[in-house]
Amino acid sequence: MSEQLLAVERLSVGYGKKTVVHEVDLGLAEREILIVLGHNGAGKTTLMQAIFGLIRTQSGRVLYRGEPITGRKPADNVLGGIAYVPQGHGIFRSLTVRANLELGAFVVRDRSRLEEDMETVFEMFPILRERATQIGGTLSGGQQQMLAIGMALMHKPSVMILDEPSIGLAPNLVERVMRSIQTINREFGTAILMVEQNVRYGLPIAQRAAVLKTGRKVYDGPPEPLEDRVELMKLF
Amino acid sequence: MDLFLQLLLNGFVNGSHYALLGVGFGLIFGTTNIVHFAYGPVYAAGAYSAWTAAALLGFPLFLAGLTGVAAATVLGVASYLLLYRPFVRRDAPTFVVLIASLGLFILLENLIAILFGTDKKVVDGYSAGIHFIGPTFYTDIHIYQIASLMILGLALAAFLRLTNYGKAIQAMTDNADMARVIGIDTNKVSILVFAIGSAISAVPAVLILLRDGALPNMGFIAVFVAFLAVVVGGVGSILGAVLGGFLLGMVENVGMWQIPTEWQSTIAFIVLFFVLLVRPQGLFKGT
Amino acid sequence: MRRFLGLTFCAISFAAMAVGPARAAEGETFKIGALLGMTGASSYYGTVMSRGAQIAIDEINADGGIDGTKLELLIEDHKGGNAQAGVAGMNRLINIHDIKAVLTSFSPPTLAVAPIATEKKIFMINGGGFSAKMIGASPYLFHNRSLATDFTRGILLRAKEHGFEKMAMISVKTDAGENVREIAHQFWPELGGAIVADESVAYGAANMDTQIAKLRTSGADFIFAAIFRPDAGTFLKRSKEFGITVPRLGIEYTPDDQKLAGEAAAGFEFTTDYFHPTDDNPWAQAFYGKYKELFNEEPDYYAANYYEGVYVIAELVRRAFEAGIDNPDGAQLTELLWKEPTFKSVYGGDMVFQENGVAQKRVGLFEVQADSEKKFLKFIETTVPGK
Amino acid sequence: MEYLVHIAVMACLYVILATSFNLLIGFAGLFALSHAAFYAFGAYTTAILSTQAGVPFPIPLLLGVVLTAGVGAIVALPALRIGGHYLVIVTLALQVIVLQVLINGGEFTGGPDGIAGIEKISLFGWRLSSPHTFLPMAIFGAVVCTAIAWRIARSPFGRALKAMRENEAAAQAIGKNIVLMKVIVFAFSAGLAAVAGSLLARYISYVGVDSFSIEETIYILAMVILGGTGNLWGSVVGAIILVLLPELLKFLALPPDIADKMRQVIYGLILIGILLVRPQGILGEHSTAPALARRARKDAHADEEIGTVNGTEPGEVTVSARGLAKSFGGIVAVRNFDIDLRAGTITGLIGPNGAGKTTAFNMLTGFLQPNAGTIELRGRSLVGLKPHQIVREGVARSFQDLKLFTKMTVIENVLVALPDQSGDSITSVFFRPGTVRREEEENFNRAVEILEFVNLADKAHELAENLSYAEEKLLVIARLLATGAEVLLFDEPLSGLDPATLEEIFPIVRRLARSGKTICIIEHNLDVIRGLCDVAVYLDEGHALATGTPDELVSDPELARRYFG
């Protein structure tokens with residue numbers, strides 16, 4: 001593996017006494033797409049939230065560009081170039097699409113590039129341009145997910161963490177979302193750390209896959225072996 | 001008919017007053033989800049500081065008004081930092097914060113009474129001009145009350161829409177967790193809304209000082225009306241608070257066209273009672 | 001339960017210890033209690049009343065007290081009308097301070113403590129409470145202010161004098177306001193008048209515009225305001241602003257109201273206890289001067305009444321000492337009062353306690369001048385209400 | 001010292017008010033700030049009846065209690081619809097309205113003047129006119145009212161109240177009728193407050209609106225918070241402290257015209273201080289179980305082995321659903337879904353996210369009403385029944401997010417879930433104490449057995465919130481088991497558990513099946529499905545795609561493909 005952009009070392013996370021994620025190691029290289037699979041309750045979301053600093057870790061550490069960032073405030077992580085797209089349409093439902101995107105760039109002090117950044121998002125998701133003045137909550141599930149990703153794009157992150165971007169989306173939309181994630185990775189060289197259930201569309205775009213099972217990593221390597229669903233089933 | 005028109009105007013004027021109170025309270029409540037009962041004494045403190053500046057230090061009225069605004073702002077922010085923040089930090093149950101707020105209410109109201117005495121404070125030498133359209137009368141203060149709502153309302157709306165922090169406030173009101181995700185420091189935003197909300201409250205306070213004079217307990221009714229306006233209009237919506245305030249102002253005045261005035265102080269609560277039974281989320285708020 | 005009784009008693013006995021030193025001077029001091037509204041919406045009254053009373057106490061003590069016995073004032077807060085608070089305060093005064101004479105105020109707490117006064121033989125004198133319902137509440141309860149009846153009849157007689165017929169009334173929803181309203185509703189028709197509007201406002205009302213708008217369109221000959229501080233001032237100001245031109249008559253006008261209303265009060269006629277310090281009455285002037293000097297405010301007649309109340313009690317105690325009673329109780333003080341019900345009044349001249357317990361003062365009729373100062377017009381004779 | 005006696009009397013009245021208020025906010029978690037209004041109702045009823053109709057003690061008191069209880073029940077209605085800040089403001093509004101009605105009530109209520117000259121209580125020709133003579137009456141009242149509140153709080157009904165406070169859905173899921181409970185607790189809380197009011201009227205022989213202002217409600221609230229919500233002794237202590245505090249503060253020497261304002265300031269400071277230092281109040285909440293543990297005799301034994309279902313043939317169909325359909329705003333969640341659940345069988349429900357598994361559960365248990373289709377339990381239709389009714393019929397479910405009663409102990413979580421407790425009926429609580437007591441002891445032993453069954457007995461008196469992940473799951477099973485339902489629907493009961501722990505839990509579930517229970521499990525961890533289920537149903541896009549043994553299903557390439565979208 002090349003020089004790690006984001007690394008997780010023996011990270012344990014939980015709530016109170018309860019440990020949900022047990023000593024997980026994970027590495028994300030520059031420009032890489034890493035997909036994290038696993039059954040519900042395997043601890044995928046908890047792991048992501050801990051990496052991003054939304055919840056406290058119990059032990060282990062998180063490194064970003066070689067620097068320890070364990071437990072750093074989300075605000076600082078965003079400033080540092082890490083974007084987080086939470087599960088289930090992470091948008092502001094009462095605000096317009098445009099307002100949402102502007103908020104996505106909240107930490108960007110230089111407002112001059114705002115318009116062109118928004119332009120890039122609109123190019124990626126033309127539907128958002130059409131709906132620019134519409135209230136976020138009234139968008140369809142797929143559009144909301146695109147908006148959420150668009151918001152993350154607004155501050156030009158070098159790492160984007162996505163938590164089940166495909167959840168609750170119709171198959172064709174899932175494909176659409178996955179392709180855009182791939183594009184983001186290709187065009188901006190953004191490294192992608194993605195939790196995903198939808199293996200069918202998720203796996204193909206990934207360069208590496210990890211599988212969590214009840215809080216432990218049971219697989220980490222190339223995606224290809226997992227293409228055999230029956231084999232994959234065994235890991236679930 | 002004359003009466004009706006007059007009541008309509010009164011309703012509009014009082015409505016503006018209530019609306020402004022509601023906007024300040026609603027901004028704080030909607031964003032931080034703190035029921036800030038001490039908003040009342042903070043409002044009173046605004047009036048008393050303005051009086052001190054005008055009557056004791058001899059400031060010109062406008063400067064005195066600004067002094068009131070400044071004082072309320074400081075007090076409001078202080079109440080967040082010193083009282084509410086510790087509770088928010090350990091995310092205490094909402095009702096604990098609510099009682100704490102009541103405690104602060106009692107404390108501040110009596111402090112004001114001790115510092116300034118219990119007699120009515122009036123800014124001498126100020127008398128409002130009187131005007132009339134046909135048979136309908138109104139005074140300068142009335143104009144100020146309406147104007148202040150218009151100006152501050154628009155200013156706030158612009159602030160929320162155009163500035164970065166304004167957007168941050170909207171974001172936090174909508175979804176505090178998501179606000180953190182996109183890198184907003186929710187603590188800073190809370191301080192900000194307490195500052196703005198308290199500052200806004202001082203404006204109607206100063207106008208009431210000029211109109212009716214100031215009394216230590218003037219804050220009680222103020223915070224109550226504000227809370228009502230916000231809940232009736234719909235929490236988290238500035239426009240809702242404004243409309244809620246107007247609705248209350250109207251029923252309190254136009255409603256009295258036929259109903260005996262002894263029910264005036266109750267009718268707003270009756271309205272609230274039924275609004276919440278029928279539409280718990282408030283009248284002017286979707287979903 | 002036992003547990004909490006235990007708690008109560010140990011806590012109180014601790015309290016009693018704490019108070020010990022304060023009671024050192026017992027024997028040479030005669031304690032006077034006061035039940036006043038010190039906190040809450042009506043704390044203004046409590047403040048001025050306590051000041052008036054304290055000045056009287058200090059004066060008397062300065063002249064060596066009553067035959068050497070000093071006076072001490074002990075204030076209890078009834079929170080401006082809360083009955084429990086009143087009863088609690090009364091019990092404290094009686095039990096902890098062994099008090100025999102109390103200055104009381106507000107009708108609700110006075111009505112609530114009256115039974116205690118009767119049973120414990122406590123002399124009570126009220127200079128603020130206004131409701132005629134207090135008459136006869138206790139044989140030991142006296143009033144050194146004329147009650148609602150007198151003022152109301154007085155001002156309505158004046159209205160009759162003007163030849164008014166149609167009355168528009170506005171009253172505040174308090175015991176006093178309601179009381180005046182009832183009397184007016186009964187008395188004005190008796191005088192052959194009609195009531196064309198009857199509005200009411202909450203105490204310390206945030207918004208009086210509605211009522212005033214209705215008054216203005218009522219087409220009345222005059223407006224009768226059964227409103228007290230601080231609302232009286234608001235009423236005068238707003239009614240002027242709203243272009244009310246018909247005469248305004250009322251029953252209270254304190255410096256507080258004067259401050260707010262300013263010129264808007266001009267032409268307002270009202271009846272009240274005739275406390276008029278600038279009158280050729282040295283005693284009143286002395287009191288006025290002291291009060292002004294101490295608090296840099298004009299004393300209103302509430303201050304004056306409680307100042308006077310202390311002097312009434314002091315006089316009765318003096319009589320008791322003469323009669324050889326060292327520690328007189330309420331019954332004895334009452335007895336001594338009835339022996340000679342005439343007392344010197346700070347209002348000038350004498351005041352006489354009627355058999356209903358009210359010191360029938362001359363009800364003064366005043367008019368507010370353009371400079372917002374009140375001007376005495378004349379005294380109004382009102383027939384004394386029966387028990 | 002009559003003054004001390006007077007304070008004692010007032011303390012008694014406030015003990016009544018605080019404990020009754022605590023029932024409402026502490027136990028039922030209903031934050032309704034209109035207690036002083038109930039207080040006023042009691043006082044005015046007595047005042048009016050005795051002065052205007054000369055009705056002798058104790059009739060006005062009793063009438064007042066009944067009337068006020070009725071009013072309380074009505075106030076409960078908004079509480080059924082709204083909660084949190086909204087309930088606070090609505091009930092504050094209600095309080096204001098009540099006071100205004102009293103002020104505007106003219107002669108009837110005495111208006112702002114209030115009502116004076118209320119006849120003192122006379123018992124056997126003995127007139128309770130002085131504090132001394134009244135104190136015994138006040139103590140008696142306080143003891144009786146506290147006892148009533150105490151009885152409710154410690155009864156199974158009180159336990160159910162706490163459960164409702166912790167989580168309404170879960171309370172329904174164990175068969176509690178929360179609507180009825182809210183109405184009852186409001187009625188009692190109000191009725192008890194009315195007793196205090198009535199006593200006050202008799203004691204002071206005067207009532208006026210100023211005695212029942214919002215400040216009064218806040219004062220009582222402060223007592224409850226200070227003493228500790230959910231703990232009646234706390235309210236007793238809180239009441240005494242806050243009655244004494246102002247009196248003690250009176251001994252501070254302060255300038256007369258600001259003294260009382262200073263005291264108010266100090267009062268405010270103390271209130272804030274307490275909340276900062278000890279938000280849970282002086283006395284924390286405590287469990288009713290240990291007392292039971294002491295009482296419960298081992299020989300009072302529950303008759304049968306845990307989980308045994310009588311008169312079931314293994315394999316016979318218990319629950320059978322046909323053609324179930326549910327859609328939310330056009331989006332179809334479940335369509336034409338058929339399923340048969342069999343006694344003694346563990347059925348697994350698998351399928352990709354959003355396949356409609358949980359929706360199916362919600363329909364089977366009445367949390368959602370199907371748009372179409374039938375659900376039968378042994379031929380009896382379950383469609384249209386409320387969740388708590390369906391539990392009593394014999395179908396119980398657990399929740400993905402557990403919904404444990406976290407502020408209650410482990411054994412309380414189980415106790416509260418036990419079926420048809422006569423102690424759930426408030427009438428039995430008071431009129432059949434013997435039965436309730438006996439049942440409680442049996443139930444306690446039963447609960448202990450159930451906890452032993454799931455290997456949780458050693459944690460019986462732990463708060464549920466302190467359990468480990470695995471223990472929480474076990475408690476979910478125990479609670480579900482306690483409902484006595486023969487059909488148990490588990491929604492992801494074992495998610496997030498490591499293989500070792502799973503191996504410990506599997507046998508428990510299997511034993512349940514053996515003893516005749518019908519079990520259905522939604523699970524994403526396929527180890528669980530493989531290791532536990534006899535049959536698996538594959539759900540996709542809202543209907544059953546295939547049925548078979550777990551191994552058949554998970555090794556079917558087509559299904560595997562679909563599973564991963």
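This report describes how the chains of a predicted model touch and how parts of them are built.

Residues are numbered from 1 along each chain as its sequence is written, while chains are lettered from A and ligands numbered from 1 in the order in which they are written. Because the model is predicted, local features need pLDDT of at least 70 and side-chain atom pairs count only at pLDDT 80 or more, whereas totals for chains, interfaces and linings use all residues.

## Chains in contact

Two residues are in contact if their C-beta atoms, placed from the backbone, lie within 7 Å. Five pairs of chains touch, and the pair C and D has the most contacts among them. Here 39 residues of chain D meet 44 residues of chain C. Four helices of chain D each supply at least two residues to the side that touches chain C: α1 (2-27), α6 (131-154), α11 (232-249) and α12 (256-277). The largest share, nine residues, comes from α1(D). Helices (H or I, at least four residues) and strands (E, at least two) are DSSP runs, numbered from the N terminus.

The contact between chains B and A takes 14 residues from chain B and 18 residues from chain A. On the chain B side, α6 (164-174) and α7 (176-181) each give two or more residues. The largest share is again a helix's: α6(B) brings six residues.

Chains A and C do not touch. Their nearest C-alpha atoms are 35 Å apart.

The table sorts three contact sides by residue class. Ala, Val, Leu, Ile, Met, Phe, Trp, Tyr, Cys and Pro count as nonpolar; Asp, Glu, Lys and Arg count as charged; the others, Gly among them, count as polar.

| Side | Nonpolar | Polar | Charged |
|---|---|---|---|
| Chain D, touching chain C | 22 residues | nine residues | eight residues |
| Chain B, touching chain A | six residues | four residues | four residues |
| Domain 1 of chain C, touching domain 2 of chain C | six residues | three residues | four residues |

## Chain C

Chain C has twelve helices and 15 strands. Its C-alpha trace spans about 65 × 55 × 40 Å along the principal axes. The radius of gyration, taken over C-alpha atoms, is compared with a globule rule of 2.2 Å times the number of residues to the power 0.38. For 387 residues a compact globule would have a value near 21 Å, and chain C agrees with 22 Å.

Buried residues make up 62% of the 387 residues in chain C. A residue is buried if 20 or more other C-beta atoms lie within 10 Å of its own, exposed if 12 or fewer, and partly exposed in between; C-beta atoms are placed from the backbone. Of the contacts in chain C with a separation of 6 or more, 69% join residues 24 or more positions apart.

Chain C is divided into domain 1 (2-146 + 277-356) and domain 2 (149-272 + 364-380). These bounds come from an automatic or database domain assignment. The C-alpha centres of the two domains lie 31 Å apart. Each domain gives 13 residues to the contact between them.

## Strands in chains A and D

Two strands pair if DSSP finds at least two bridges between them. In chain A, strand β9 (residues 208-213) is mostly covered, with five of its six residues buried. Strand β3 (residues 33-38) of chain A pairs with β9(A) in the parallel sense over five bridges. One bridge links A:Val36 to A:Ala210. Strand β10 (residues 216-221) of chain A runs antiparallel to β9(A), also over five bridges. Here A:Ala210 has A:Asp220 as its bridge partner. β9(A) and β10(A) form a hairpin with two residues between them. In the turn, A:Thr214 has a positive phi of about 40°.

Chain D holds an open sheet of four strands in the order β6-β5-β8-β9, with antiparallel pairing. β6 (331-342) and β9 (380-381) of chain D stand at the edges with a single partner strand each, so one side of each has no neighbour in the sheet. Two bridges join strand β8 (residues 372-377) of chain D to β9(D). D:Glu376 has D:Ser381 as its bridge partner in β9(D).

## Two helices

The expected span of a helix is 1.5 Å times one less than its number of residues. Helix α4 (residues 94-116) of chain B has 23 residues and reaches 33 Å from its first C-alpha to its last, close to the 33 Å expected. Just after α4(B), B:Gly117 takes a positive phi of about 80°.

The 18 residues of α11(D) should span 26 Å, and its end C-alpha atoms are 26 Å apart, which agrees. 13 of these 18 residues are buried, so α11(D) is largely enclosed by the rest of the structure.
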